[in-house]
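Welcome, and please have your viewer ready. We will go from stop to stop, with a selection to make at each one.

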Amino acid sequence: MEKLGVDAVIAEGQKAGGHIGRTSAMSLLPQIVDAVDIPVLGAGGTGDGRSVAAMYALGAQGIQAGTIFLTAEECPVPDSYKQMVLDANDTATIVTGRRYRDPVRTISNDLQLAYYDKEMAGASKEEMAEFAAGSLPLAVFEGDTTNGSVMAGEISGMMKQIRPAKQIIEELFSEAEKVAENLKITY
């Protein structure tokens with residue numbers, strides 16, 4: 001991408017929501033930072049100022065955050081989707097599609113559990129695509145959080161309130177600055 005002239009790249013770890021890779025940001029981000037000469041944005045697991053500070057400590061020059069903005073007042077997903085994120089705990093997400101090398105992280109619900117069971121039983125990729133067809137719009141536009149695909153990252157369990165996007169951004173970076181100031185590591 002650097003050779004194609006892009007201004008920056010995003011290194012997204014597997015803790016993210018939606019389509020994910022196999023590597024955590026903790027190991028992916030430093031490798032990408034070392035491999036390119038353009039800015040790298042860290043993503044996957046950014047839910048508070050501590051994680052923002054960690055991304056910068058790993059070499060990022062910015063972040064991409066997704067799940068935390070599902071709980072923003074301005075986010076147009078239905079309230080039922082936002083509530084799934086707010087009700088999530090630290091083990092609420094599930095990854096399906098690994099068998100097909102197309103992993104997706106969502107909040108576990110009836111659809112995802114059925115998908116996982118079919119996947120583990122050996123259903124073909126084509127059967128699974130048909131089974132899940134239309135499930136993302138079902139959740140995102142219609143608010144069906146039982147039969148729809150509620151894509152969200154592992155940080156869902158950290159989300160406790162709906163607030164304006166501006167406040168989310170200010171709190172993320174205010175807390176990150178405090179973390180950086182208080183970091184007195186001795187070895």
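Start by selecting Tyr81, which counts as buried at 2% relative accessibility; buried means under 20% relative accessible area, exposed over 50%, and partly exposed in between, with a 1.4 Å probe and protein chains only. Tyr81 is found in helix H4. Helices (H or I, at least four residues) and strands (E, at least two) are DSSP runs, numbered from the N terminus.

Before moving on, a word on what you are looking at. This is a predicted model, in which local features need pLDDT of at least 70 and side-chain atom pairs count only at pLDDT 80 or more, while totals for chains, interfaces and linings use all residues. Residues are numbered from 1 along each chain as its sequence is written, and side-chain values use heavy atoms, with hydrogens and water left out.

**Around Tyr81**

Now show the contacts of Tyr81, where contact means heavy atoms within 4.5 Å. Not counting residues up to four places away in sequence, Tyr81 touches Leu70, Ala139, Val140, Thr145, Ser149, Val150 and Met151. For a distance to draw, pick Asp117: its C-alpha atom is separated by 23 Å from that of Tyr81, and the two residues are 36 apart along the chain.

One of those partners, Thr145, is a good next click. Thr145 lies in the loop between helix H7 (135–140) and helix H8 (165–182). Is Thr145 buried or exposed? Thr145 is buried, with a relative accessible area of 15%. Leaving aside neighbours within four places in sequence, Thr145 is in contact with Ser80, Tyr81, Met84, Asn109 and Val150.

**The nonpolar core**

Next, select Leu70, Tyr81, Val85 and Ile107. Of the 36 residues in the largest nonpolar core, these four touch the most other members. A nonpolar core is a set of buried Ala, Val, Leu, Ile, Met, Phe, Trp, Tyr and Cys residues joined through side-chain atoms within 4.5 Å. Elements that each supply at least two residues of this core include strand E1 (9–12), helix H1 (25–35), helix H3 (67–70), helix H4 (79–87), strand E6 (104–107) and H8.

Zoom in on Leu70. Beyond residues up to four places away in sequence, Leu70 touches Cys75, Val77, Tyr81, Lys82, Val85, Met151 and Ala152.

**Helix H2 and the loop before it**

Move to helix H2 (49–57), which also supplies at least two residues of the core. Which residues of H2 are buried? They are Gly49, Ser51, Val52, Ala53 and Met55, and they pack against H1, strand E3 (40–43), strand E4 (62–64) and H8. H2 is followed by Gly59, whose phi is positive, near 110°.

Step back to Gly45, in the loop between E3 and H2. Gly45 is partly exposed, with a relative accessible area of 24%. Residues up to four places away in sequence aside, Gly45 touches Lys15, Ala16, Ser51 and Ile155. Draw a C-alpha to C-alpha line from Gly45 to Ile68 and you will find 9.4 Å, with their positions 23 residues apart in sequence.

**Gln112**

Select Gln112 in helix H5 (residues 110–120). Gln112 is buried, with a relative accessible area of 4%. Among residues more than four places away in sequence, Gln112 touches Ile94, Thr96, Thr106, Ile107, Gly148 and Ser149.

**Arg101 and Ala8**

Arg101 sits in the loop between strand E5 (93–96) and E6, and at 77% relative accessibility Arg101 counts as exposed. Check the backbone here: phi of Arg101 is near 60°, a positive value in a residue other than glycine. Most residues other than glycine have a negative phi.

Then find Ala8, in the segment before E1. Ala8 counts as partly exposed at 34% relative accessibility. Outside its neighbours within four places in sequence, Ala8 is in contact with Ile38 and Pro39.

**Zooming out**

Finish with the whole chain in view. The protein chain has 8 helices and 6 strands, in the order β-β-α-β-α-β-α-α-β-β-α-α-α-α along the sequence. The radius of gyration is 18 Å, close to the 16 Å that the globule rule gives for 187 residues, so the protein chain is as compact as a globular protein of that length. That radius is taken over C-alpha atoms, and the rule is 2.2 Å times the number of residues to the power 0.38. Of the 187 residues, 42% count as buried.
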